[in-house]
Structure formats: C-alpha cells, structure tokens
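Student: I would like to go through this complex with you. Could you show it to me, please?

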Amino acid sequence: MVRVLIPGPLQPFAAGRREIALAMTPRTVADALRAVAETHPGIRDRVVTEQGALRPHINIFVGAENIRDADGLDTRVPDEAEISILPAVSGG
Amino acid sequence: MPMKKIPTPNALAARDGDVVLLVGTMKGLFLFRSTAARRRWDVAGPYFPGTTVYAAALDTRGGRRRLWAAPSSMHFGAELAWSDDLGRRWTRPETPLVRFPEEAGASLKNIWQISPGRADEPDTLYCGVEPSALFESRDAGETWSLNEGLWGHPHREKWQPGGGGLCLHTVLVDPSPSQPGRLTVASSTGGCYRSDDGGRTWNPRNRGVRAEFMPDPHPEFGQCVHKIAHHPARPGRLYLQNHWGLYRSDDGGDSWRDIANGVPSDFGFCMATHPADPDTAYIVPLHADMFRCTPEGKLRVYRTRDGGRSWKPITRGLPQKDAWETVVRDAMGVDTLDPAGVYFGTRTGQLYGSRDDGDSFELITDGLPPVVCVRAAVLGGRKSPKARATASKATKTTKRKQAAPRRSRRPRRRKAA
C-alpha cells in the first residue's frame, strides 16, 4: 500500500490526518496526487498549480528521492512506497 | 518537520458605527477596531500566519458584514478566504476560488486587490491578480471567472512586470447611475484600462501619463501605474500615483494632467481620496525609484485640498528624523466618518492613524510585520453628513441630467433681424 505523508499546514485539508493510505497503487506521483484529490481536493491544488506544475517551494520525495532529481511528477511509484510532501525551507 | 501550533487569534467584538481596519502584512492579517472616536484600538491577529496578505476588503452591501482576505503562501499559493463574524471563523474553500482555466495557460501567483462591486449589484465582486488579470464573481464570491475581455486584449502580451511582478492592483467600480458598466483597472506595467460595457471590452486610458523608462515617454500603454483612487461622489475624478508622476483626471481617465505641484518627489506608491471632498487626496512621496524611502528621512503625508494644484506636508505626529520609511501601494486607507480617518502602514511595521482629516497623525501600533495593505471601513456603512450630502448632490445632478429632455440636434432658426 502506498502512503502519502501530509505536512502540517495541509492537514486541515485531510481531516487532520498526517498520512493518507491509497487504496490503489499509483503508477506515478501525478497519479498519486490525483488519487489524493478524489477524497481530499484541497491538497492537490496547494501542491501543484492550476496548470499541473509542482509549486516551486514544495518538494515531494518518493522514499528518500526528491522527484526533482528524478522525473518530476512522472516519477514512478513502487509498491509500498512512502510519498512525502514537504514545504521547502523558505518563506513563512 | 515539527509544526508549532500558533494560538488562535482573539476575535473582535464590534457593533455598527465602529471603525474596523484590515491590515495585511507580510506575515498575516491583523484587524483593529475602535469606536467612532478612534482614540483606542483593539487588535486581533495574526490571521493566516506566515502568509502575505496583499488584499483585503470589508463588504457591507446587502446587510453583510463579510471580511475578505487573500492570504498568499510562498509554498501553497494564493487563495481567497472570507469571514462573516469579523475573523472568528474563516472559510477557506478546499478548491481555491480564483483559478486560471487550463486553456489560459497561466497560474495564479498572487491576489492584489479585492473590490466589491456596485451597491445595486450586491453579489458582484472583483479581484485583480498576478499575472495581470481580472476575475469576477456574480454570486457573492461563491464562484469566480476570468474576465476574458481583458485577458484576450491584444496589448496584454506586451505588458512587462514591475518590481512586484506583473500585477493588476487596482479595480475601480464606478458607482454612478449614469455609468452602470464602467470599470477601471490598472496594472504595473500595463497602465490604466477602462471598460464601459461591464468588462466586455477594454481600452487604454493613459493619455498624458509618462513612462520614463520607455524610449517614447508617452506610449499608448505600458505605463507603470502604482495606484489610482477615485472619488465615490464624483467618479470621473481620478488621482493617479505613477512610477514618476502624479496625475488627476476629471473625465474618468480619458485624459490626465500633471499635478505634482510642491511635492519633494513625484515618485511613490499609495494614493487615497477624502470620503467627502473630491478635491482632497493623500500621498506619501518616496525619494526615487532607486531609493524607495521617504525623502530626507522624514515621514510626511502630503495632502492636497485643491485637486492637486498644491500639496502640503503633514508632519504632526509623524517622525521627522531618521525615518527612512516606505509605504506601498495599498498600505493607505480612509474611513467614511466626519472628520475622516486616514490610516497607513509602513514596511517597518508601524501603523499610523489620523482622526482629523489628516491634520495630524498618531501611532496606532508598531512592531507589526511589514504592512502591505490597509483598508478602513465603518460597520453598518455609516457615512459622514458631508459624504452623504456630496453623494446625494452627485446623484441628484446625474438624475437631473438623465431626466432632462434631449436637445434637438436641429440648428436653431435665427430670428429675423
């Protein structure tokens, strides 16, 4: 089962949860975000722009790998992976 | 990553007739409340801590008391939120209300302006955003759509971003019965555009406004307008603070005349008009575009009471030594009482207020984050007798003009000598 870890500022859009377990195994990170949006639409729009691009001050890791160093939102998601959404060290 | 809980801000208790200040900062929104005496202020906030709030508004039309705010997070983007109980609870829709449609190919960077529509259209609202575009709602803010007329304007591709990005920061809704479809917007650096048909078509309105950073200093468009303020009782009267230049228009922007008379600099950002007197306006000049601080280290509001023929500095209550301050485009607001309250905030987090038409100022508070937006409103929409009289006079004049029989175009026959 793939788990998506939600950062604190976005937990109000996940009914207060720190992680969301996906019922399906997504092929890519984009698929995972779409799956999250089906139950928690407030998260995806704050992670990617209207045009579907990852927001510049958001990092997503699949396991320990930053998807910016891989294939971006097209990065493959292995079975049992942990996807972490993390605000970059900026702003606030 | 550890997350520290931020205490829920205290909420304001207020009643009709109280004055409320909406103060947007680089770190959140603060609310201030006072009675009409405006001597003591309660404060609440920060709301949306860690976000920049460039735009806020209080909509009192249709019996509402709805606060709007546009918190913008470096991480999670910009959104619109509202509160119907003066900040006790905020509604943040899961899907942000203001979004570019996919076919526009653009993404929202910031919301720079929230403007309630006309009083007789209480469910209409407008937002000016970055990249420069206008959004509108016809259902009291439930849904929003991109104004296609302006977005599709052939000039848009040639607009250049200013220091704050390519932002549409001014939305003026003409309140007069004679101009039901008139909207004026300004962007940096697109210049001023006006629609007379409710936003379907737009035309540049920059005649007489300089663009000193262009080879042709008087282009049709492309001016770096910093702020335009209109007078509600005489909507054709506009004041414009430009990136170099102070201007007035008496014809709704068809033409502009230079009114930089007696100011230490015609560079600045903010501009506000008096609620009752169309000849009175307020600015805070800055030294220059390459040094955006108050000239000579003196924090001075300049006021004109004759439509810009002359400007006089107001120094009473303001620091006149080592005060290298900056007041940005939306960081000044006025209330509607008599005498009027004039308020402004600085990038160093000071908030000043005047309760005597701007004759003198008092420090309301300091220690705020950098202030980027100040809006003032009277709960219940109370207006000064002067403001009511001016508005009533303007309405009567307009109605008289509308009611007057049209003159025949046929030339009069001369009487025989």
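Tutor: We shall discuss confidence, the contacts between the chains, the cores and the strands.

Student: What ipTM and pTM does the predictor give the complex?

Tutor: This is a predicted model, and the predictor gives the complex an ipTM of 0.93 and a pTM of 0.91.

Student: And what is the mean pLDDT of chain B?

Tutor: The mean is 91 for chain B, with 89% of its residues at 70 or more.

Student: Where in chain B does pLDDT stay under 50?

Tutor: It does so over residues 394–417 of chain B, and the model has 9 contacts beyond four places in sequence for that stretch. Where pLDDT is low, the predicted coordinates should not be read in detail.

Student: On to the interface. How many residues of each chain are in contact?

Tutor: Chain B contributes 17 residues, which contact 21 residues of chain A. The side of chain B that touches chain A consists of 7 nonpolar, 7 polar and 3 charged residues.

Student: Now the interior. Which residues touch the most other members of the largest nonpolar core?

Tutor: They are B:V23, B:I111 and B:C270, in a core of 102 residues. Strand β30 of chain B, residues 371–378, gives the most to this core, namely 7 residues. There is also a second, separate core of 21 residues, which includes A:A32, A:L33, A:V77 and A:I85.

Student: What is B:I111 in contact with, leaving aside its neighbours within four places in sequence?

Tutor: Its contacts include B:Y54, B:A55, B:A70, B:L80 and B:V98, as well as B:C127 and B:V129.

Student: Is strand β8 of chain B mostly covered or mostly uncovered?

Tutor: Strand β8 of chain B, residues 110–116, is mostly covered, with 6 of its 7 residues buried. β8(B) pairs with strand β9 of chain B, residues 125–130, in the antiparallel sense over 6 bridges. Within this pair, B:I114 stands opposite B:C127.

Student: Changing chain: what is the strand order in the open sheet of chain A?

Tutor: The sheet has 5 strands in the order β2-β1-β5-β3-β4, with mixed pairing.

Student: Why is one side of β2 and of β4 in chain A left without a neighbour in the sheet?

Tutor: β2 (19–21) and β4 (65–66) of chain A stand at the edges and each has a single partner strand, so one side of each lacks a neighbour in the sheet.

Student: In which sense do β1 and β5 of chain A pair?

Tutor: Strand β1 (residues 3–5) and strand β5 (residues 82–87) of chain A pair in the parallel sense, over 3 bridges. A:R3 stands opposite A:E82 in β5(A).

How values were computed: Residues are numbered from 1 along each chain as its sequence is written. Chains are lettered from A and ligands numbered from 1 in the order in which they are written. This is a predicted model: local features need pLDDT of at least 70, side-chain atom pairs count only at pLDDT 80 or more; totals for chains, interfaces and linings use all residues. Two residues are in contact if their C-beta atoms, placed from the backbone, lie within 7 Å. Ala, Val, Leu, Ile, Met, Phe, Trp, Tyr, Cys and Pro count as nonpolar, Asp, Glu, Lys and Arg as charged, and the others, Gly among them, as polar. A residue is buried if 20 or more other C-beta atoms lie within 10 Å of its own, exposed if 12 or fewer, and partly exposed in between; C-beta atoms are placed from the backbone. Helices (H or I, at least four residues) and strands (E, at least two) are DSSP runs, numbered from the N terminus. Two strands pair if DSSP finds at least two bridges between them. pLDDT is the predictor's confidence in each residue, from 0 to 100. A nonpolar core is a set of buried Ala, Val, Leu, Ile, Met, Phe, Trp, Tyr and Cys residues joined through C-beta atoms within 7 Å.
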